[in-house]
Amino acid sequence: MDLSAINPILLLASLMVAATPIILAAVGELIVERAGVLNLGVEGMMITGAVCGFIVAVNTGSPFLGFIGAAIGGAVLSLLFGFLTQFLLANQVATGLALTLFGLGLSALMGQNYIGIKAPEFPDWHIPLLGDIPVIGPIVFQHDPMVYVGLAIVVAVWAFLKFSRAGLVLRAVGENHEAAHALGYHVVRVRMLAIMFGGACAGLGGAYLSLVRVPQWTEGMTAGAGWIALAIVVFASWKPMRLLLGAYLFGGVTVLQLNLQAAGMAIPVEYLSMSPYLATIAVLVIMRSGRAPGSLGQSFHASR
Amino acid sequence: MLMLEKRPQPSKTWTLAAPILAVILTMICGGLLFAALGKAPLETIRTIFLDPLFSEFAWFYRPQLLIKGAPLALIAIGLSFGFRAGIWNIGAEGQYIVGAICGAAVGLAVYPTESIFIFPLMVIAGVLGGMLWALIPGILKVKFDTNEILVSLMLVYVAEQLLASMALSTLRNPEGMGFPGSRNLAKYDSASSWISENAGMHWGVVAAFIAVIFAYVTLSRHQFGFNVRLAGQSPRAARFAGVNPKLLVLVCMGISGGLAGAAGLFEVAGPAGQISIDFNVGYGFTAIIVAFLGRLHPIGILLAAGLMALTYIGGEIAQSNLGLPGAAIQLMQGMLLFFLLMVDVLTNYRVRFGKGATT
């Protein structure tokens with residue numbers, strides 16, 4: 001094995017790219033869960049976003065429009081979940097699973113004529129001054145725009161939850177929906193908006209895989225990324241900033257094992273490929289998570 | 001304005017009618033989907049739901065119904081215990097794979113010895129393999145309070161990599177001229193799970209029927225079944241009644257993992273024949289739909305497994321005869337679960353018209 005073939009700067013730079021789809025999907029789910037809704041359909045919304053984004057980008061030639069299409073696709077699919085759980089009061093765990101199974105089938109059907117096509121080029125930004133700093137420049141400031149969009153969304157979500165009135169209402173709905181309802185807040189409306197935001201973010205994360213990371217469409221290409229995003233929300237104790245830490249940890253393991261594969265380590269490839277999933281389990285075990293939102297996963301029915 | 005009013009008790013009529021209505025709605029929506037794909041809707045639906053049973057080639061398809069239905073029923077029966085108690089084992093697909101690997105490994109280790117003890121030993125290994133794989137999330141939940149949904153699902157991806165490694169190196173057929181995949185167990189008399197290949201009968205079918213009867217008796221006549229139902233409906237009441245919630249998690253995970261492992265073993269030693277990279281075809285996930293469609297009730301699960309098997313076989317016929325994409329069938333199966341959850345609102349709630357109907 002030749003460890004010297006691994007370039008630490010490139011490793012850290014690709015870590016940021018590997019973490020981006022997880023960050024996008026996880027920050028959306030974080031808002032959903034803070035509003036008291038457990039949507040296990042992240043994987044399904046991600047893969048639908050991946051295929052919608054790819055189709056739009058290939059047909060228009062613009063990756064930007066692709067990402068917008070992906071966000072819309074993810075949000076529309078999440079409406080299905082919202083309708084079932086908020087208006088028909090269906091079990092959230094079962095509906096989330098159904099959304100994933102449905103999304104996997106839907107994406108396979110939509111994408112069947114797009115297999116083997118290459119996505120349009122999505123150039124990296126070379127941020128003028130900052131990108132020229134040695135070492136830090138290539139690691140942090142020479143990525144494609146979506147890396148920074150992901151980070152911006154995390155910061156925005158953090159500020160929204162901490163400082164804005166709407167964020168306070170959202171947290172109240174998630175902590176105790178009976179009390180929020182008694183105060184006159186529209187529990188179902190808040191939750192529907194949160195669910196749609198989660199769907200749009202998951203869609204963006206999926207499109208990042210099909211347009212930047214891979215960049216191709218293959219069936220089932222998210223390969224559990226949506227589930228890892230769910231795990232990272234738990235790891236982050238429902239706090240936006242800790243979510244970044246979790247996603248970078250995960251990105252680090254992914255990139256490191258890919259590099260070890262390329263360097264020809266003595267461990268068989270299959271065992272290295274397991275490592276991101278095993279790392280996620282380890283993280284779930286080691287990090288005793290904080291308190292979940294009080295009403296998480298419970299249906300709300302205004303009976304009085 | 002439509003209002004929902006909670007029923008004091010779930011409606012018995014709707015509990016039975018909801019799955020049937022969901023199937024009808026799926027057929028209608030599926031028909032629209034097929035029409036959108038440019039296929040004749042009625043003909044496609046007939047091909048999927050009726051041709052496997054009544055067409056001139058039905059003699060070929062009917063045994064297939066047993067072959068596809070058995071693993072679905074076996075896994076879904078196991079899952080239904082946990083789902084009733086609010087323990088969500090979503091990783092049956094992984095337990096199915098590991099059961100198949102463990103069972104096949106035993107058979108391959110003693111090849112080519114012939115003995116009547118080999119197959120029972122393989123079954124035991126398969127059950128234990130699946131059980132241990134399911135106990136990982138179970139023990140982690142009990143010890144560290146980790147989420148069993150996420151851990152069991154992560155282990156599916158780990159199991160898939162394990163399967164690839166087994167098929168490519170450890171269990172590869174030494175006489176296979178370098179091709180991936182193990183020896184063919186179905187052609188090794190002592191290890192084959194076939195009873196009659198022409199009738200579609202293998203030991204997995206027998207095991208599925210035994211599991212249905214066993215689950216029915218346990219749930220309706222035994223203390224354990226009562227505890228499971230109680231824990232699902234009211235965890236607090238269950239604790240007061242002396243149900244140990246941790247033990248319940250381990251037992252439910254163990255049962256579902258063991259049955260999924262058994263299903264994997266019967267499949268690898270019969271219909272699939274060998275450990276290969278693409279051995280698993282998603283029975284573990286479809287079984288979740290089967291469990292819900294069957295109302296988590298053993299008899300219901302048996303019927304639901306039959307219906308799901310029908311869509312698999314009918315889907316294959318429609319794929320080869322009408323050029324229907326395979327993903328359309330997958331989409332239809334997902335749609336079925338959606339409609340079921342949607343219609344289920346009628347089981348627990350009464351629909352009232354007009355504002356202020358609720359008091």
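Let's start where the two chains meet: in this predicted model, 39 residues of chain B are in contact with 38 residues of chain A. Which elements of chain B supply at least two residues each to this side? They are β1, α6, α7 (148–170), α12 (283–293) and α14 (326–343) of chain B. Sorted by chemistry, the residues on the side of chain B that touches chain A are 28 nonpolar, nine polar and two charged. For the complex, the predictor gives an ipTM of 0.86 and a pTM of 0.89.

**How confident is the model of chain B?**

Chain B has an average pLDDT of 87, and 98% of its residues score at least 70. Two of the elements that touch chain A also mark the ends of the confidence range among the elements of chain B: strand β1 (residues 2–6) has the lowest mean pLDDT, 77, while helix α6 (residues 118–144) has the highest, 94. As a reading tip, where pLDDT is low, predicted coordinates should not be read in detail.

**A look at chain A**

What does the secondary structure of chain A consist of? Chain A has 12 helices and zero strands, so if you trace the sequence in the viewer, you will pass one α after another.

Now for the overall form. The C-alpha atoms of chain A fill a box of roughly 70 × 40 × 40 Å along the principal axes. A compact globule of 304 residues would have a radius of gyration near 19 Å, and chain A agrees, because its own value is 19 Å. Of those 304 residues, 51% count as buried. Among the contacts in chain A with a separation of 6 or more, 79% join residues that are 24 or more positions apart.

**Two helices to find**

Each chain has a helix that is worth picking out in the structure.

| Helix | Residues | Length | End-to-end C-alpha distance | Expected span | Buried |
|---|---|---|---|---|---|
| α9 of chain A | 187–213 | 27 residues | 37 Å | 39 Å | 23 of 27 residues |
| α11 of chain B | 245–268 | 24 residues | 35 Å | 34 Å | 19 of 24 residues |

Why is α9(A) described as largely enclosed by the rest of the structure? The reason is that 23 of its 27 residues are buried. Its reach of 37 Å is close to the 39 Å expected at 1.5 Å a residue.

Helix α11(B) is mostly covered, with 19 of its 24 residues buried. Its end C-alpha atoms lie 35 Å apart, which agrees with the 34 Å that 24 residues should span at 1.5 Å a residue.

Conventions
Residues numbered from 1 in each chain as written. Chains lettered and ligands numbered in written order. Predicted model: local features only at pLDDT ≥ 70, side-chain atom pairs only at ≥ 80, totals over all residues. pLDDT = per-residue confidence, 0-100. Helix = DSSP H or I, 4+ residues; strand = E, 2+ residues; numbered from the N terminus. Rg over C-alpha atoms; globule rule 2.2 N^0.38 Å. Buried ≥ 20, exposed ≤ 12 C-beta atoms within 10 Å, placed from the backbone. Contact = placed C-beta atoms within 7 Å. Nonpolar A, V, L, I, M, F, W, Y, C, P; charged D, E, K, R; others polar. Expected span 1.5 Å × (residues − 1).
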